Structures are given as C-alpha cells and as structure tokens.
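Got your viewer open? Load the model and follow along, one selection at a time.

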Amino acid sequence: MKRLRIGIIDIVSRGPTRALYARIMNASLASIMPQVMGVWCQEEGHEVTFVCYTGFEDLLTELPDNVDVVFIGAFTEAAHTAYALSNLFRGRGAITVIGGPHARCYPEDAARYFDYVLGFTDKGTLRDILQDCSQHRPVGVQLAAAQQPKALPGVRERWQFIDPTLRKAPLLKMVPMLSSLGCPYTCAFCIDATVPYQPMDFEVLREDLRFLLTKFKRPLVAWHDPNFGVRFDDYLDMIEDAVPPGSIDFVAESSLSLLSEPHLKRLKRNSFKGVLPGIESWFALGDKSKTGALLGMAKVRQVSEHVNLILKYIPYIQTNFVLGLDSDEGPEPFELTKRFLDMTPGAFPAYSLLSAFGRAAPLNLDYQRSNRVLPFPFHFLNNNGAMNVKPANYSWQSFYDHIIDLTRYSFSTRTIFRRFLATQGVTARWLNVVRAVSTEGFGRARYYRAIRDRLDTDPQFSPYFEQESSVLPEFYKDIVRQDLGALMEWLPEGGLYHDPNAYLKAGHSKDVIALV
Ligand code: SF4
C-alpha cells in the first residue's frame with residue numbers, strides 16, 4: 001500500500017483566542033484519541049504530521065499543503081472550525097475524516113462535509129479507511145467499530161505528540177491518560193452512560209507512570225476517565241505499585257459516591273491534587289452524589305459537608321452543576337446553589353446549561369420527540385454559549401435572569417476572595433482566580449446579560465427562542481464570523497445550520513456501519 005502523508009488535527013479551541021485561561025489551560029486539554037490515531041497510522045507505515053489546535057496557532061499554515069488524508073478530532077463547539085478545515089483540505093485534494101464527540105453526536109451532519117465520519121474507532125476501523133481512502137461526496141461514509149478498543153497506545157508511544165503539545169503550555173502541563181472507558185452509572189444525559197465500563201491494561205498504565213518520571217521532575221497526570229476510580233482499590237494499588245507515593249500529581253473526574261474519607265486519605269497519600277465531581281442538581285440524580293432520596297436544602301447540607309471534607313485532603317475541587325433540568329422549578333434551585341457556595345467557599349462551581357448533543361444520550365430522543373430542541377449553531381453548543389433545550393419550567397427571560405444572578409454571585413469579588421482564602425496551595429488558589437476573572441466567570445456573566453437584554457429588545461430573538469422562527473439572529477452569526485476569523489471563508493454553504501431532530505428521524509443509528 002502507498003505510504004500516505006497524513007495530517008491529524010486535535011481541535012481544542014473552537015477558534016482563535018487570546019483569553020488568559022485558554023493560554024494557561026488549552027494545551028493541557030488535548031484529547032487522547034487523535035494521538036492514538038497518530039500512533040496507529042505510523043504503525044501502518046504512514047507519515048504523520050500532528051497539530052493540537054489550542055487557539056493560538058495559524059491553522060492555515062500548520063499542516064503541509066500536500067497531505068493525502070486529514071483526520072480531525074472535534075467537540076461539537078468546534079464543528080464549524082472542523083467543517084471549514086475539511087473544505088479547505090478537500091480543495092487541496094485531501095480525503096477528510098472526522099472523529100471525536102461531534103462525529104458521535106451528529107454523524108449525519110458531519111457526513112455532509114467529510115468523506116468518513118467515525119463512531120467508536122479501533123485499529124480495524126482505521127485500517128479500513130486507509131485502504132479505501134477515496135472520496136465519498138456529497139455524503140460521507142459513517143463507520144463505527146462494534147465497541148470501544150480493548151487497548152490503546154500508552155503515553156510512551158504517544159509522547160511524540162504529547163511533548164510538542166505541552167511545550168505550548170506556559171505553566172500547567174497535564175499529561176492526558178486513560179485508565180478506563182465508559183461508566184457503570186446510567187445518568188440519562190451522559191454520553192458515557194451507554195458505553196460499557198472497561199478498565200485499560202494495568203501493565204501499560206504502570207509503565208506509562210514510570211516513563212513520565214523520566215520526563216518531568218514532578219509529572220502532572222490528568223485522568224481522562226469519565227469516572228475515575230470505579231474499581232478504586234485496584235487503581236490505587238496499581239499507582240502505588242508503579243511509582244513512589246507523591247512522585248506524580250493527579251487530577252481526575254470522579255463521582256462523589258467514590259470519594260469516601262478512607263478513599264480521600266489514600267488519594268491524598270498519592271498526591272491527587274484535583275477532583276471534579278458532578279452534583280448536577282439539588283432535585284435529581286441522588287445516586288451519583290451518594291445523597292439517595294435527599295432533596296433540596298437537605299441535599300445541599302450533605303453535599304457541602306462532603307465537599308468540605310474532600311477539601312481537607314485535596315486542594316482543588318470543581319463541582320459540576322447542570323442548570324435548567326426538568327426537575328428544577330422556580331428560584332429555589334439557584335438559591336440553593338448560592339447557599340452551597342456560602343457553605344462551601346473552597347469549591348469552584350462549573351455550570352452547564354442543559355444541552356442535548358444529538359445522539360449523545362437516549363434522553364435526547366425525548367427532547368426531540370417533544371420538539372424542545374432548538375437549532376442553535378454548533379459553535380454555541382458548549383454547555384454555555386446557548387441552551388438548546390427549551391426549559392420545561394421557566395420562560396427564557398426568567399431562566400436567564402436566574403443564571404445571570406447565580407453567575408454574578410458565584411464570581412463576585414466577595415465570593416472570589418472567600419474561595420481564595422478557603423483554597424490550599426498556590427496553583428489551586430490562582431487557578432480559581434484566573435477562571436473567575438477570565439471567560440468563565442466575568443466573561444460569561446457579560447454574555448448572558450447580552451442575551452437577556454436581546455430577549456426583550458432584539459426582534460429576532462424571542463421568535464427564535466420560542467421556535468416560531470428559524471431565522472438565526474444576527475447576534476449569533478456575528479459571533480461565529482468573529483470567532484472563526486480567516487477560517488470563516490472556508491465554512492461550507494449551509495454549514496452553520498443543522499437538523500436538531502436528526503437523531504429521532506434516523507431511527508436509532510441504522511445508517512452506521514458496524515465493523516465487527
Ligand atoms: S457518573 Fe458521570 S460519567 Fe458516569 S454516567 Fe454519570 S455523568 Fe456519566
């Protein structure tokens with residue numbers, strides 16, 4: 001087979017940026033799968049050029065002109081950037097392939113702009129593409145392995161891509177690792193809930209941790225598992241067996257139910273510096289936070305006590321909330337979150353507006369059936385740019401009033417100061433401050449205010465939000481234009497628009513080919 005010139009682009013930023021938080025963090029948010037694809041392509045004998053796009057590179061010049069195939073990994077918020085790049089590289093004669101969350105959530109839409117659209121991808125899937133390697137236009141081929149791969153290349157093999165990416169990070173250099181895929185929990189809104197839980201090879205993990213000690217004085221590993229530590233003792237045994245306690249720092253996403261005090265003691269001994277548990281709601285999902293049937297203020301008290309306990313052992317904790325769930329009604333959910341912040345000043349709150357990402361979760365079918373999904377352009381589907389599910393119990397105006405109030409409260413000078421004092425460790429303290437004053441805190445409050453004002457004053461807003469008109473307000477078009485910069489001219493005709501009910505219409509993935 002001909003040796004192919006392959007370009008791989010991992011899109012971390014949805015467009016060019018100058019934000020301070022992005023400068024500090026984006027390189028540490030690189031995905032693992034594009035690196036894996038890079039290793040597999042090389043193993044198949046091809047030549048690979050790899051770019052992690054953090055928002056500071058010139059994407060038009062980073063890849064060579066003459067690539068045969070371009071693989072792009074993207075979250076949905078970066079879909080327009082991905083579509084523009086595909087158009088650009090197709091114009092230069094390349095075959096284009098998209099994978100990652102956007103391809104899994106919106107395969108029908110992505111197939112309009114790519115030759116291949118990937119679901120679960122293993123080496124067999126990749127081999128099939130490279131052997132076929134032909135144009136599929138105007139509609140691309142959707143391919144998916146029957147399940148997630150059983151094994152992935154470790155850090156040692158991916159280092160050739162990790163190293164240049166982390167060189168872009170001025171301060172925090174987080175090495176992405178994966179110790180398991182899927183999750184045994186079944187949160188209805190989550191993309192991982194339907195993926196069977198599967199641990200990765202412990203021998204590879206041990207080797208990788210030891211390898212990192214040869215690269216950094218004190219490595220920092222970000223576990224990308226949807227829920228780290230489901231088999232808690234097995235994982236901690238593996239880490240303790242691999243490296244001396246405290247020689248590597250770790251951060252992980254872990255549900256509260258896994259963070260008991262004995263577990264916390266062990267995590268501290270092994271230098272876990274940050275955890276990101278999901279609280280989601282004061283009126284639902286009690287299993288996940290180990291609060292069972294407790295609701296409202298009783299749940300706030302219990303979770304706050306638990307999070308304060310975590311803070312005694314782990315310096316950085318981000319608590320995740322979903323705003324606008326159907327279980328929420330009136331001002332109470334927002335007021336309870338404010339009480340939680342008062343009682344738990346060291347926790348950094350991360351808010352997501354209820355969003356339905358295409359095929360991400362079966363629950364999205366219910367939203368589509370009841371015609372509650374709005375067609376906001378993908379660029380805004382990052383849990384904050386737009387809420388694409390019409391709230392069940394709020395008008396848009398009152399919903400935005402509540403989230404503006406909560407955002408301002410969460411990032412007021414007083415709350416930032418209290419958080420600073422309640423957080424241990426220089427890095428954790430300043431990271432919280434930077435997040436609060438950058439795009440995530442102040443920036444978001446301003447953005448929500450702009451939307452709220454337009455709901456009253458912009459004649460295009462209310463009809464669009466109320467699904468009486470499909471005319472996208474100019475406000476959103478302007479933002480896409482501004483954010484995409486030079487890439488805007490490559491965004492294909494119609495690329496800004498998608499069918500928000502494609503999942504329902506497709507009838508359960510019947511057009512995805514499973515390669516067994
Ligand atoms: S616990 Fe977390 S990862 Fe697991 S299904 Fe629920 S939201 Fe998803």
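How much area is buried between domain 1 and domain 2, and what share of that area do carbon and sulfur atoms give? Keep that in mind while we set the scene; bear in mind too that this is a predicted model.

**Start with the whole chain.** Show the protein chain as a cartoon and you'll be looking at 21 helices and 16 strands. Turn it along its principal axes: the C-alpha atoms fill a box of roughly 65 × 60 × 40 Å. The radius of gyration is 22 Å, which agrees with the value near 24 Å that a compact globule of 516 residues would have.

**Now colour the domains.** Select 5-149 for domain 1 and 173-253 for domain 2. Drop a marker at the C-alpha centre of each, and the two markers sit 25 Å apart. Where the domains touch, 10 residues come from domain 1 and 11 residues from domain 2.

**Zoom in on the interface.** Here's the answer to the opening question: about 880 Å² is buried between domain 1 and domain 2, with carbon and sulfur atoms giving 64% of it. Next, show Ser28, Ile32 and Gln148 as sticks; in domain 1 these lose the most area to domain 2, together 52% of what that side buries.

**Check the chemistry.** Colour the domain 1 side of the contact by residue type, and you get six nonpolar, three polar and one charged. Hunting for salt bridges between domain 1 and domain 2? The count is zero. For polar contacts between domain 1 and domain 2, look for two residue pairs.

Terms used:
Residues numbered from 1 in each chain as written. Predicted model: local features only at pLDDT ≥ 70, side-chain atom pairs only at ≥ 80, totals over all residues. Heavy atoms only, no water. Domains from an automatic or database assignment. Contact = heavy atoms within 4.5 Å. Buried area = accessible area lost by both parts, 1.4 Å probe. Salt bridge = Lys/Arg side-chain N within 4 Å of Asp/Glu carboxyl O. Polar contact = N/O pair within 3.5 Å; in protein donor to acceptor, adjacent residues only side chain to side chain. Nonpolar A, V, L, I, M, F, W, Y, C, P; charged D, E, K, R; others polar. Helix = DSSP H or I, 4+ residues; strand = E, 2+ residues; numbered from the N terminus. Rg over C-alpha atoms; globule rule 2.2 N^0.38 Å.
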